[in-house]
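Reader: I should be grateful for a close look at a single helix in this structure. Please describe how its sides are arranged and how its ends are formed.

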Amino acid sequence: MRRLEGKVALVAGGRANIGAATALRLAEEGASVVVGVHTAGGAAEVVEQIVASGGRAIGVEFDAVDDLSIKAMVMTAVDTYGGLDAIFANF
């Protein structure tokens, strides 16, 4: 049973380690995942793994100390997937 089918999750700090594992697990459970990272292209590997396994994911670059950057990341999730159900701030 995929408990998060139809849900949207944002993982801020999802490039590696706990963040990447969280993003992958959320996708396994059916969530569409927005992988927020601090460096351009840093989400590519995690996003590719999610998509290769049949999930939905995008990567977004953001600055954790810039309110407008964080707001833009959240709005990208809402605009792309129609809402936002969960945020995991891993930084």
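Author: The account below concerns helix H3 in this model, which is predicted. Helix H3 comprises the 15 residues 67-81. At 1.5 Å a residue, these should span 21 Å, and the C-alpha atoms at the two ends do lie 21 Å apart, so the expected and the computed values agree.

The two sides of the helix may be taken in turn. Four residues of H3 are buried, namely Ser69, Met73, Ala77 and Tyr81. Because these residues cover an arc of only 90 degrees around the axis, they sit on the same side of H3. The general geometry of such a helix is relevant here: with 3.6 residues a turn, an α-helix has residues three or four places apart pointing the same way. The partners of this buried side are three strands: its residues pack against S1 (8-12), S2 (32-37) and S3 (57-61). On the face turned away from the buried side, H3 carries exposed residues, and these are Asp67, Leu68, Lys71 and Asp79. Leu68 thus belongs to the exposed group, whereas Ser69 belongs to the buried one.

The ends remain to be described. At the N-terminal end, aspartate 66 acts as a cap of H3, with a side-chain oxygen 3.0 Å from the backbone nitrogen of leucine 68. Leucine 68 therefore appears twice in this description, once in the capping contact and once among the exposed residues of the outward face. After the helix comes glycine 82, which has a positive phi near 85 degrees.

Conventions. Residues numbered from 1 in each chain as written. Predicted model: local features only at pLDDT ≥ 70, side-chain atom pairs only at ≥ 80, totals over all residues. Heavy atoms only, no water. Expected span 1.5 Å × (residues − 1). Buried < 20%, exposed > 50% of the residue type's maximum accessible area, 1.4 Å probe, protein only. Arc of directions from axis to C-beta. Contact = heavy atoms within 4.5 Å. Polar contact = N/O pair within 3.5 Å; in protein donor to acceptor, adjacent residues only side chain to side chain.
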